Amino acid sequence: MFSWLGTDDRRRKDPEVFQTVSEGLKKLYKSKLLPLEEHYRFHEFHSPALEDADFDNKPMVLLVGQYSTGKTTFIRYLLEQDFPGMRIGPEPTTDSFIAVMQGDVEGIIPGNALVVDPKKPFRKLNAFGNAFLNRFVCAQLPNAVLESISVIDTPGILSGEKQRISRGASPSVSLRFLVRPSPCILIPAPAIQVYGCRHSSLQKPGYDFAAVLEWFAERVDRIILLFDAHKLDISDEFSEVIKALKNHEDKMRVVLNKADQIETQQLMRVYGALMWSLGKIVNTPEVIRVYIGSFWSHPLLIPDNRKLFEAEEQDLFRDIQSLPRNAALRKLNDLIKRARLAKVHAYIISSLKKEMPSVFGKDNKKKELVNNLAEIYGRIEREHQISPGDFPNLKRMQDQLQAQDFSKFQPLKSKLLEVVDDMLANDIAQLMVLVRQEETQRPVQMVKGGAFEGTLHGPFGHGYGEGAGEGIDDAEWVVARDKPMYDEIFYTLSPVDGKITGANAKKEMVRSKLPNSVLGKIWKLADIDKDGMLDDEEFALANHLIKVKLEGHELPNELPAHLLPPSKRKVAE
């Protein structure tokens with residue numbers, strides 16, 4: 001009679017079976033999380049509902065920065081070609097959001113057409129209206145880099161008086177009266193600036209720039225904040241934008257661009273000032289990773305820090321290249337964060353519903369509840385053992401609740417919450433296993449083409465001919481240059497049959513003051529025939545590797561072919 005209860009119970013205990021991570025994410029969201037979001041109107045408060053394209057799309061990189069920090073040039077540098085709609089200049093040139101994506105033919109898709117395409121992950125941007133959509137386009141072109149990632153270029157963030165002009169606004173040209181102590185004068189609206197009135201008061205409403213960036217931040221895999229090393233400052237609007245990206249600090253990276261325009265001493269000061277400024281805005285215990293360089297194809301103005309720029313560029317490129325490999329894990333992580341927020345939202349809405357009177361005094365009670373929302377947060381936190389970090393921003397939630405009808409809120413429905421709890425406890429664990437399986441079964445996924453190919457091969461790769469790579473193109477063994485000096489030391493260590501023991505070698509090698517873990521690796525690389533002793537060539541090689549490490553270079557995991565002693569090359573083969 002009650003067999004259906006047992007079936008439902010078993011279904012909760014046994015996790016779903018999925019073929020791919022993407023399929024699992026879509027099915028879990030639609031069947032388990034979406035009902036909770038819709039029941040408690042989550043989409044009106046936090047984020048629109050997710051669609052299939054949100055789970056299937058390629059990793060996206062969002063570029064954010066003040067005008068003239070080199071965002072568009074950065075994209076041009078990565079792609080090594082122009083893209084449709086690209087404009088570069090010292091003044092604010094990019095006034096639109098441009099999604100640079102892979103396409104068979106070069107062209108531009110306007111925003112209104114873009115948000116109705118179910119294959120693109122932008123449909124929910126329709127909520128920001130024509131003021132935004134008129135300044136949103138997709139630039140498509142065939143490019144090897146775009147086969148793995150998409151890049152979002154954003155308008156340059158303004159500073160000074162321009163910050164007060166609404167985004168996407170257009171000035172009114174109607175005639176208005178200006179009341180002054182003298183008789184009223186009929187003048188065109190733009191001329192009102194002459195009399196000290198703000199131009200922005202005469203503009204049509206624009207769009208919420210920070211809200212659009214926050215929408216993208218929830219869906220992209222990497223957020224890159226660009227700063228100009230030559231004119232470092234953080235405007236009020238930029239500060240607000242960075243604060244709007246809160247809860248996405250794990251995706252954020254910082255690029256201090258155009259660093260070749262200043263001397264080394266000044267660069268150190270600029271870097272310190274940037275870290276100090278970011279520390280006041282990004283309130284996290286971890287330090288945001290800052291990459292220093294000049295990401296364009298022009299000659300370096302001050303080449304003193306060339307090696308530093310090359311190393312920083314390679315670090316940034318490796319970070320971007322890892323995005324396709326980690327895309328599934330990022331989407332899984334974002335779904336977990338969304339589920340936790342949806343649960344908290346359900347507790348908040350149901351608590352407000354519970355406190356509302358059924359007939360009289362609704363307005364007064366609503367004001368009281370909104371004002372006391374912090375106390376409600378605290379009570380929910382204690383009752384349900386929820387971390388304070390899972391709660392939405394208090395001030396923002398209070399502002400949103402002002403326009404809501406609390407009588408339409410739903411009471412607590414435990415079954416919906418149990419389904420989400422089951423998803424987090426069981427189904428997500430299975431998806432984590434599937435993520436690892438996909439990573440091992442698929443070939444290594446990396447971003448290829450464009451600037452990513454320029455330094456991978458040949459003599460212009462980072463570190464080529466330096467450190468352990470020194471002498472790679474020489475006909476003679478590079479260690480032979482200093483071997484006479486090493487031989488003098490070798491023959492003082494009592495060699496027997498042309499070899500010294502490990503104990504005697506250790507006495508000399510520890511003089512370098514390198515830790516035993518490093519010296520042990522050097523010994524493993526130098527003892528080529530693995531007999532526990534070193535001959536004169538192996539001893540010279542060990543000292544060469546010590547020199548490499550003391551000069552600040554990394555040791556190779558395996559001995560490169562050009563470092564093999566001439567007499568050992570046949571043995572190694």
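In the predicted model, strand β1 and strand β8 (residues 222-228) pair in the parallel sense through five bridges. Within this pairing, R222 of β8 is the bridge partner of V61. Strand β1 also pairs with strand β5 (residues 150-153), again in the parallel sense, over three bridges. Here L62 stands opposite I152 of β5.

These pairings belong to an open sheet of eight strands, arranged in the order β3-β4-β2-β5-β1-β8-β9-β10 and with mixed pairing. The edges are occupied by β3 (107-110) and β10 (290-292); each has a single partner strand, so one side of each is left without a neighbour in the sheet. On average, and with direction ignored, neighbouring strands of the sheet are turned by 25 degrees against each other. Towards the β10 edge, β9 and β10 pair in the parallel sense over three bridges, and I292 in β10 is the bridge partner of L256.

The surroundings of β1 were examined next. All six of the six residues of β1 (residues 60-65) are buried, so the strand is largely enclosed by the rest of the structure. This burial applies to both faces: M60, L62 and V64 are buried on one side, and V61, L63 and G65 are buried on the other. Helix α8 (residues 209-219) lies across β1, together with β2 (97-102), β4 (136-141), β5 and β8, and runs at about 150 degrees to β1.

A comparable analysis was made for helix α5. Eight of the nine residues of α5 (residues 71-79) are buried, so this helix is largely enclosed by the rest of the structure. The buried residues of α5 are K71, T72, T73, F74, I75, Y77, L78 and L79. The helix is followed by E80, which has a positive phi near 60 degrees.

Positive phi values also occur at two loop positions, described here in turn. K258, a residue other than glycine, has a phi near 60 degrees. This residue is placed in the loop between β9 (252-257) and α10 (264-281). The relative accessibility of K258 is 17%; because the cut-off for a buried residue is under 20%, K258 counts as buried. S494, likewise not a glycine, has a positive phi of about 55 degrees. The loop that holds S494 runs between α18 (483-490) and β11 (499-501). In contrast to the buried K258, S494 is exposed, with a relative accessible area of 54%.

The geometry of helix α12 (residues 323-355) was compared with expectation. At 1.5 Å a residue, its 33 residues should span 48 Å, and the end C-alpha atoms are 46 Å apart, which agrees. The helix nevertheless contains a kink of about 30 degrees, centred on L329.

Finally, one annotated region was considered. An unreviewed UniProt entry carries the annotation "domain: EF-hand" for residues 514-549. In the model, the chain over residues 514-549 is 69% helix and 8% strand. The C-alpha atoms at the two ends of this stretch are 9 Å apart.

Definitions and conventions: Residues are numbered from 1 along each chain as its sequence is written. This is a predicted model: local features need pLDDT of at least 70, side-chain atom pairs count only at pLDDT 80 or more; totals for chains, interfaces and linings use all residues. Side-chain values use heavy atoms; hydrogens and water are left out. Buried means under 20% relative accessible area, exposed over 50%, partly exposed in between (1.4 Å probe, protein chains only). Helices (H or I, at least four residues) and strands (E, at least two) are DSSP runs, numbered from the N terminus. Two strands pair if DSSP finds at least two bridges between them. UniProt positions are given in the numbering used here, feature names are shortened, and annotations may be inferred rather than shown by experiment. The expected span of a helix is 1.5 Å times one less than its number of residues. The bend at a residue is the angle between axes fitted to the seven residues ending there and the seven starting there. Axes are lines fitted to C-alpha atoms, for helices over the stretch in contact, and angles run from 0 to 180 degrees between N-to-C directions. Contact means heavy atoms within 4.5 Å.
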